[in-house]
Amino acid sequence: MEQQLKQLEQEALAKLQAAANLKELNDVRVAYLGKKGPITDLLKGMGKLSPEERPKMGALVNAVRENVTAQLEERVAVLEEQAILEQLEKESIDVTLPGRKVRQGNRHPLTRVIEEIEDLFVSMGYEIAEGPEVEKDYYNFEALNLPKGHPARDMQDTFYITEETLLRTHTSPVQARTMELKKGEPIRIICPGKVFRRDNDDATHSHQFMQIEGLVIGENIRMSDLKGTLDALAKKMFGDDREIRLRPSFFPFTEPSVEMDISCFKCGGKGCNVCKHTGWIEILGAGMVHPNVLEMAGYDSKKVSGFAFGIGAERIAMLKYGVDDIRHFYTNDSRFLSQFHRTEG
Amino acid sequence: MLVSLNWLRQYVDIDGIAPEELAEKITRSGIEVDAVIDRSQGMTNVVVGHVVSKEKHPDADKLNVCQVEVGEGDIRQIICGAPNVAADQKVIVALPGARLPGGVKIKKAKMRGQESNGMICSLQELGVEGRVVPKAYAEGIYVLPKDTVPGSDALELIGLRDTVLELGLTPNRSDALSMLGVAYEVAAILSQEVKLPEIQYQTVSEKAEDYIKVSVEAKENPLYAAKVVKNVKIAESPLWLQHYLMAAGVRPHNNVVDITNYILMEYGQPLHAFDYDALKSSEILVRLANEGEKIVTLDDQERSLKAHNLVITNGQEPVAIAGVMGGANSEVTSDTTTVVIEAAYFDGFSVRRTSKELGLRSDSSARFEKGVDPNRVLIAGERAAQLLAELAGGEVLEGTVAVDDLDKSPARVVVSPDFINNRLGMKISLEDMLSILNRLQFDVEAANGMLIIDAPTRRQDIKIEEDIVEEIARLYGYDEIPMTLPEGNEQIGGLTPYQAKRRIARNVMEGAGLYQAVTYSLTSDELAQKFALKAEDTTKLLMPMSEERSTLRQSLIPHLIEAAGYNVARKADSVALYEIGSVFLGKTEDELPYEEEHLALVLSGKWVDHAWQGEKLTVDFFVAKGIIESLFEKLGLTDRISFEKANVDGLHPGQTAAILLDGEKVGIIGGLHPIERKKYDLKETFVAELNLKAVLGAEVEELVYASVPRFPAITRDIALELDRSKPAGEIIEVIRAAGTKLLKEVKVFDVYEGDKMEAGKKSVAFSLTYFDPERTLTDEEVVSAHNKVLKALTEAGAELR
Ligand SMILES: [Zn+2]
């Protein structure tokens, strides 16, 4: 019987080793360790043995049983691992194939520029003021020290709707309206929006474009405040190493009036095609609010002062991104728009 | 304004400063120099020649063989094709080796077998603009006076060894529309003196007042002065004068006309010369024109006048339009012997209106429009008399005949140094301020802590304290202004809730894969109301530049469709654009249209294209609707929005809905009608437009956290057989209305129309979720709630499957 047991053990172990997969292994388990298997039969047949042989035989059967079970488990582990490896091999993919990208759009470059400027000024305590695109002659011109017949308001440049209404030629009427609304209170606003001029559309002209104007009114607002503010703007939009310079200019609604240049961001001031070999690039117009403008809106020009500036969003975007034709902003070619997706800096 | 530095040098010392440096200083202190033009353009080897003889070329009809002396005893053969070349002329010769403008190099050459050792030049060949070349030489070579010396430097002689500064003048600086005005500016910058012309001349014993009477019947002409000069000999002006004019961009004519133009440029005071005999009266009367009165102007055009146009008459008929243009009837001609010089002050507004109406803008009208210096009018007349005597052999009659009511007093500005420094944020000393004002030749006195300033009348732009602030600052240097930020800010900046939500709307659109477009507000009359949510009266331009941009839009969709077409025409297989912009509706009380901000989108072609996975999806109604629903979800409006089948011109009648917020229409969504698609060659295209003002303006409740569910939800499915035309939305409404507060969610999970259904029917399956946040629901409770729903559905005519 002991002989028989040894043989069974050998057989079982051989079959365990031969089993190629978990199913075959299970068959071996059932065949040798199952309730109807030979080892169980042997245990059942133990009753025929003598009492002194019984414990010996019992221990022997258990040892065989444990050994087979242990080997079986070991074998199961090996085969399970093998099965997983096979599964993984089957599931292997080409990771260099493109992913399922999530569709994403983005802001128009002009909005991108405007929001960047809005955010800068909001951080400096400004509010964003907006107004209608169709304006009254009064707010667009008269309230800004441009009475009817003033040489600086040429009929050629303005789209009139009636004698008294027009498409605004700048966002300054928003300033005039805000001043009227604030009734003598301090003001800090930035006014973005669409404006219109009678121009034929070409590479550098557009009958519709975007402006951002700023206005600060309060006690003791100085020209040095304007200069410091414009310097912050220049650095934000074109980099921390930009320098600015002011040149005298003329606008009917400011006195003194200036134009601001920034040192060329391409050549750093040495001279190149971007700056027309001057080292400087003209960016915007600004000035101290004309006392007539203050008085007309009900401010006491002896007590308060202010500054204003106006920027063309297209000009900033063209310089910043190197866009060579203003019409790109209005044809909405996806190949153009999609270039303004990523972050900078 | 073109400023010849040779000319400028007559009034102010600019020796020892390079033209570029001078230009930079002028620009930085107030007047922008647009260009620095070297008139010699690097030309070399251009000399005076004497045409000794001229023979016809033996083999070419239009060519001449000239022997030209280009230096003592140095005679060269030069072939010349100019029609006006003649023997014994003094001409300009470019010798072999010469470089001319436009990269032209002169070499020895043979022309039809004849040797040519140089070129006889026209002014144009020397880089002078054709429009300023005297008419006599416009079509040929330029001929020099007889007394010029062969071999001498021709460029010097004709004033091309000069640099011209082109000034870009702002409207306030009309004082710089004259050489003297520029001289004052340059003198202030360089701390120099201004040398004014010395005016001296002899008069004859006859009196001007015996020749002419002057009367004025219009307030637009506060000063009219006439001087009379006899025995004038009309001829070409001396070379220096002609070349100053050409450098200033003015074409020389004859000495009398040139003198008036010279003084126009020198003093900025327009003058006019009449032929005394042609006036046919001894009277000048300035008055307003009679309506419809006619005059033939110097350019031979007959002009019909209006009653507000100011005219100069001989007492009867007009002889000039004041400040704008002279009449042909009194023009100075080669036969003129006696001239009347007009020096006058005409009201700027009147001149501007008249010159605009007649389309006649001239150097004269440009100066009158901006206001000439009241104190230079009479001086300019004297200067004219002097030059007519010196350069045209005229005899000046004694006296000036004038009507003069013109206020010539300077503008007084009183300002404190503190005001100036406070406004600038600087600390400029009183001494520095006084020094600057003196350099500007402003009359200034410091008294009681104030500066009392009388600005010279040539500076019409100086009126108020702020003007003085600018003068001080610009000459002190804007670079010296420090950089500060405004003090005392009591305001916290930020976006309004509307502005913040608008940015969120942009984020939703872009997160959904759409690019932001910007299109034009102006459109054609035809497209203005197309797709409008509510079409109202349109707003049209008074004078559009084109029909295409004549009317303000009432919907953003037409231009977005155009943009989609533009992209598809450039082979884009997928277009997804949105725009936020205003539409213009009707008219409000204050005469302006009502402006409403809208958001619109267009989707066309492919939507999903994961090519190698074989996953493709073309845009459809539900892609567009899903994007709009995402926006409403983000805005917290999901429960207040409904979609209702609708008809919109230009959209697919079976795939269009109105979008309702709290039952009010706030938008449309739909497929583009095939006929519309065809216009732009578009495939499946869907559009939507929302009244953003209403949508972002809708107030929503504060966001309050609801406890995360701790008890299980129970779902029940219902499948219904419905008429094909029955909107699922209505069924959902029925379910929602009947469901107790335990009903938390209704979802459509299947829609089937097909073979297995009866014709005209569809099957729609709904999944209903019941839930109570406080406890686990019992079966009975769910059954009871669900039965209410089923009952309501049956009552509504839905058939359970
Ligand atoms: Zn550069």
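The following paragraphs describe a zinc site, two helix pairs, two annotated domains and one loop residue in a predicted model.

In chain A, the zinc ion is held by four cysteine sulfur atoms, the protein donors being the SG atoms of A:C264, A:C267, A:C272 and A:C275, which lie 2.2 to 2.3 Å from the ion. The donor residues follow the spacing C-x2-C-x4-C-x2-C along the sequence. The angles among the four donor atoms run from 104 to 113 degrees, and the site is accordingly classed as tetrahedral, since four donors are given that description if all angles lie between 85 and 135 degrees. Of the donor residues, A:C264 and A:C267 are both buried.

The packing of helices was examined in both chains. Two packed helices are described by the angle between their axes and the distance between the axes. In chain A, helix α5 (residues 109-123) and helix α8 (residues 223-238) have axes that come within 11 Å and cross at roughly 135 degrees, an angle that makes α5(A) oblique to α8(A). The crossing of α5(A) with α8(A) is right-handed. In chain B, the axes of helix α8 (residues 348-358) and helix α9 (residues 363-370) come within 7 Å, with a crossing angle of roughly 140 degrees. The helices α8(B) and α9(B) are therefore oblique to each other, because only angles over 145 degrees would count as roughly antiparallel. The handedness of the crossing between α8(B) and α9(B) is left-handed.

Two domain annotations in chain B come from UniProt. An unreviewed entry lists residues 40-155 of chain B as "domain: TRNA-binding". In the model, this span of residues 40-155 is 2% helix and 36% strand, and its end C-alpha atoms lie 7 Å apart. The feature "domain: FDX-ACB", likewise taken from an unreviewed UniProt entry, is placed at residues 709-801 of chain B. For residues 709-801 of chain B, the composition is 30% helix and 34% strand, and the end C-alpha atoms are separated by 32 Å.

A further position in chain B, B:S409, is located in the loop that joins β26 (401-404) to β27 (411-415). The relative accessibility of B:S409 is 44%, so that this residue counts as partly exposed, a class that lies between the limits of 20% for buried and 50% for exposed residues. B:S409 is separated from B:I17 by 392 residues in sequence, and the C-alpha atoms of B:S409 and B:I17 lie 36 Å apart in space.

Conventions
Residues numbered from 1 in each chain as written. Chains lettered and ligands numbered in written order. Predicted model: local features only at pLDDT ≥ 70, side-chain atom pairs only at ≥ 80, totals over all residues. Heavy atoms only, no water. Donors = N, O, S within 2.8 Å, 3.2 Å for Na, K, Ca; no water. Tetrahedral: all angles 85-135°; square planar, octahedral: opposite > 155°, others 65-115°. Buried < 20%, exposed > 50% of the residue type's maximum accessible area, 1.4 Å probe, protein only. UniProt positions renumbered as here; feature names shortened; annotations may be inferred. Helix = DSSP H or I, 4+ residues; strand = E, 2+ residues; numbered from the N terminus. Axes fitted to C-alpha atoms, helices over the stretch in contact; angles between N-to-C directions. Parallel < 35°, antiparallel > 145°, perpendicular 65-115°, else oblique. Left-handed = near helix turned anticlockwise from the far one by under 90°.
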